[in-house]
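Trainee: Can you walk me through this one? I would like to start with the core and then look at a helix.

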Amino acid sequence: MQPTDIKNPEYFHKVVDCQYACPAHTPVPEYIRLISQEKYTEAYMINWESNVFPGVLGRTCDRPCEPACRRGRIEEEPVAICRLKRVAADNKGEVKPFMPQGPFSFNGKKIALVGGGPASLTVARDLAPLGYEIHLFDEQIKGGGFMRSQIPSFRLPESVLDEEVNYILDLGIHTHFNHFVNSMEELLSQDYDAVFVGTGAPKGRDLPDLPGRNEGAKNIHIGINWLANVAFEHTTNIGKKVIVLGGGNTAMDCCRTSRRLGGESVKVVVRSPYSEMKASPWEKEDAMHEDIPIVDNHVPIEFVVENGVLKGMNFEKVTPIIENGKRKLVPTGEPLVFIEADDVLIAIGQENSFPWIERSAGIDFDKWGMPVVDTLTHASSHPKVFFGGDSAWGPKNVITAVAHGHQAAISIDLACRSLPLTQRPSPFVNLVSQKMGLHEWAYESDVVNDVRYTVAQADKKVTLSNRKTEVELGFTKHEGCKEAERCLNCDIQTVFVEDKCIECDACVDICPTTCITFIDNAEEDELRQLLNMPALNTSQDLYVSAPLKTKRVMVKDEDVCLHCGLCAERCPTSAWDMHKFLYKVTKAG
Amino acid sequence: MTFIKPKFRHPDLPKNKLGYTLSFYEGALSTLCAGCGHDSISAAIIQSAFEMNIEPHKLAKLSGIGCSSKTPTYFLGNSHGFNSVHGRMPSVATGANMANKDLIYLGVSGDGDTASIGMGQFVHVIRRNLKMIYIVMNNGCYGLTKGQDSATADNGSISKAGIVNQFQAIDLCGLAIELGATFVAQSFSGDKKQLIPLIKAAMAHNGFAFINVISPCVTFNNNKGSTKSYDFVRDHLEATGTFDFVPEMEEITTNYESGEKHAIKLHDGSLLQFNKLDNDWDPLDRFSAMKAVHQAREKNEIITGLLYLNQGAMDLHELVNTCDRPLNTLKKEDLCPGNGALANINAGLR
């Protein structure tokens with residue numbers, strides 16, 4: 001293998017599994033370390049700079065970081081990264097002084113943002129301090145988009161959302177709420193230098209052809225619309241017996257909200273097997289904790305309506321089989337299953353919808369009705385129009401929308417300065433030794449053995465009686481500190497310098513997880529098999545040195561390195577050293 | 001300073017026949033200097049015990065005084081241990097072995113502990129062919145007292161202070177062969193590929209097995225001009241050949257071509273495989289082994305590998321004809337024949 005080029009920041013970036021997996025590449029270990037030092041304000045600001053909504057995400061993020069967490073490969077459970085973010089948000093001090101302070105001098109450019117969700121708000125936050133005049137349009141009465149209309153208050157208190165939305169709006173954003181933009185052409189005819197579309201995926205899927213759909217319409221609701229009606233208090237109750245169709249997180253929010261609006265027997269019914277449901281495992285657990293059974297392998301056949309009143313639904317039982325490598329649901333042949341219901345919520349997915357963009361506006365759409373958007377620059381075929389969030393490539397999540405917002409803001413800024421959109425700024429990278437003394441490091445190198453701490457929940461009696469009472473209580477400061485110490489500090493990199501190495505094997509002998517091997521070089525596939533512990537996780541890189549004096553090379557398997565620093569402590573010549581690696585995605589401007 | 005090794009290990013660590021992973025054979029975190037060759041030897045011992053499927057309670061590790069003799073703390077934490085008086089490890093090992101012949105005795109000593117204060121003990125334990133493994137971690141200096149030349153420092157070797165050693169070195173392997181040791185090997189701490197099979201073979205040997213391991217002292221004897229530095233040893237290594245140890249139960253898949261490869265069967269059925277480089281040398285011939293040692297010294301080379309093996313000699317228990325049961329298990333009724341037997345003897349003398 002060729003020697004690893006550690007000067008390429010992407011190499012060490014990939015070692016920081018959580019940060020690499022995060023769409024916004026938030027420097028996770030950096031802020032977790034600050035939490036363990038009780039520096040909550042600093043931890044919050046690192047988050048705010050990167051993901052804009054730490055308080056919101058600390059409660060609702062889809063957590064792509066946690067399945068990636070190295071700790072999950074070493075013991076059972078990853079670090080509770082998401083809930084640690086909330087610890088920073090809950091305990092922070094005054095943060096406004098650390099945010100950009102307006103008013104900003106006008107740079108002569110006007111930007112329109114359509115939709116007031118996380119993507120648009122991120123664009124606003126990145127561009128406002130640069131002097132852009134930002135106009136934000138949303139049909140709702142407040143900013144936040146789906147974060148407000150879709151995420152129930154018992155998961156995300158309104159005050160938390162308001163606070164973080166207002167940090168952005170206070171930068172001097174011109175808001176146009178209660179304003180549905182109904183023509184792209186009209187918008188483009190105004191004097192905006194760029195238009196950002198962050199309108200999400202606003203259309204909930206329906207089951208229009210299912211028998212009984214029209215007859216029972218009064219008690220059959222589209223999940224996302226129903227949730228929005230609850231959020232804005234147009235809907236305040238639901239029948240005692242409720243069926244929620246669908247297996248995603250929206251279905252979980254629907255069923256749990258139903259329990260709070262009078263639903264006593266609420267059931268989630270899903271076509272696929274339980275294990276294949278799209279909902280996050282913790283959301284399924286929370287639903288079941290609230291006495292909501294999840295009935296899997298049931299395909300909806302018809303709504304049963306008697307005398308114009310919805311009575312329930314009939315389902316066909318199926319079983320999954322694998323045929324030609326594809327999973328198919330095959331009817332079991334058992335009689336249809338009737339489940340009683342006063343109301344049915346359909347939460348089987350959502351779609352993009354752009355009725356307000358005229359096809360003559362100069363924006364290309366593909367055959368599925370989706371805009372053609374460049375994955376790097378977020379530019380559409382119209383030079384002034386950019387897309388981000390769910391509206392660009394379909395429904396994802398908040399953190400992805402934020403990441404899109406940052407990139408779109410960069411593009412808009414480049415476009416307004418007449419620079420090529422492909423001229424993306426390099427990441428900000430810093431690599432600095434943590435050596436303090438003979439065996440002293442500037443980071444807590446001890447690896448603690450604690451298992452993952454669980455977040456306490458409020459009493460079910462209380463939370464089910466009030467839609468606005470937050471269920472999760474969050475970590476206490478002490479729990480947060482203990483959980484933060486579980487972090488393995490993957491951003492403290494093991495850096496190897498060939499010409500200092502005397503090949504004494506001290507690092508090989510001490511490494512608790514057998515990561516290091518000195519060996520004759522070979523091709524990667526062969527090398528992976530020949531190491532002291534075969535490196536079978538090919539998603540993790542091998543760190544290979546240049547040839548040493550004995551012609552061998554040092555090979556380190558990054559897979560289960562604990563970043564404990566023992567290799568560097570036992571190295572007599574400092575050929576190994578621990579360097580803190582900071583990687584920040586550069587923002588617009 | 002880190003005093004605790006994290007408890008996490010590679011999740012896929014293999015298990016040996018007893019169901020233990022390598023970590024079960026580890027000891028406490030070493031407090032020797034970073035980069036000490038002794039730590040590599042400790043790691044080789046851990047690996048060997050793991051691969052030999054040794055039940056930890058069936059092994060006793062014994063040592064004297066010195067950096068080397070601290071190391072039993074750093075390996076085989078679940079085995080018996082005795083950190084004895086300076087240079088007196090062989091006596092303690094002899095006593096222990098006499099009392100309980102069922103254990104594997106692993107003695108660890110240094111160049112000071114063996115070649116100076118313990119020389120008298122060393123030569124006599126060889127004479128007696130005590131069944132044990134005797135490893136010398138040889139760094140040519142007194143590391144624990146700031147690096148004075150030891151008795152194994154080569155003539156002409158330059159110390160860290162820049163002083164040239166005027167005295168002749170004691171060649172422990174040459175001495176051991178001369179005195180009739182039945183298993184004599186030499187190796188280098190930085191060459192585990194060779195060291196591990198040597199330790200495993202020593203564990204299978206029925207008699208006194210001596211391994212002299214050159215183990216650089218990074219702090220006091222790794223300077224330019226030292227003949228026990230990593231660089232010097234690597235430049236002057238002369239392996240007697242590649243060498244492997246095949247336990248009794250394993251199927252042998254290597255093909256032997258006569259003249260090039262040898263396989264020696266040990267008394268327990270395991271095999272030693274040699275791939276000889278030097279045709280003049282025969283590890284089963286004492287004169288040939290002596291010659292090889294002398295020739296290497298003449299050529300300023302460090303000869304490594306299994307230098308000499310004699311399987312014919314009787315170990316101490318056979319020599320003194322002890323009973324099959326370990327002596328420590330004999331009870332009063334086994335040892336005292338009783339009044340009747342005494343009366344018979346007395347009657348026979350009338």
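Mentor: We will take the core and then one helix of chain B. This is a predicted model, where local features need pLDDT of at least 70, side-chain atom pairs count only at pLDDT 80 or more, and totals for chains, interfaces and linings use all residues. Residues are numbered from 1 along each chain as its sequence is written, with chains lettered from A and ligands numbered from 1 in the order in which they are written.

Trainee: Which residues touch the most other members of the largest nonpolar core?

Mentor: A:Phe196 and B:Leu307, in a core of 217 residues. Such a core is a set of buried Ala, Val, Leu, Ile, Met, Phe, Trp, Tyr and Cys residues joined through C-beta atoms within 7 Å. Buried means 20 or more other C-beta atoms within 10 Å of the residue's own, exposed means 12 or fewer, and C-beta atoms are placed from the backbone.

Trainee: Which helix gives the largest share of this core?

Mentor: H17 of chain A, residues 398–416, with ten residues. Helices (H or I, at least four residues) and strands (E, at least two) are DSSP runs, numbered from the N terminus.

Trainee: New topic. Which residues are buried in H9(B)?

Mentor: B:Ala289, B:Ala292, B:Val293 and B:Ala296. They fall within an arc of 95° seen down the axis, so they line one face of the helix. The arc is taken from the directions from the helix axis to the C-beta atoms.

Trainee: Which exposed residues does the face turned away carry?

Mentor: B:Phe287 and B:Glu298.

Trainee: And what follows H9(B)?

Mentor: B:Asn300, with a positive phi near 65°.
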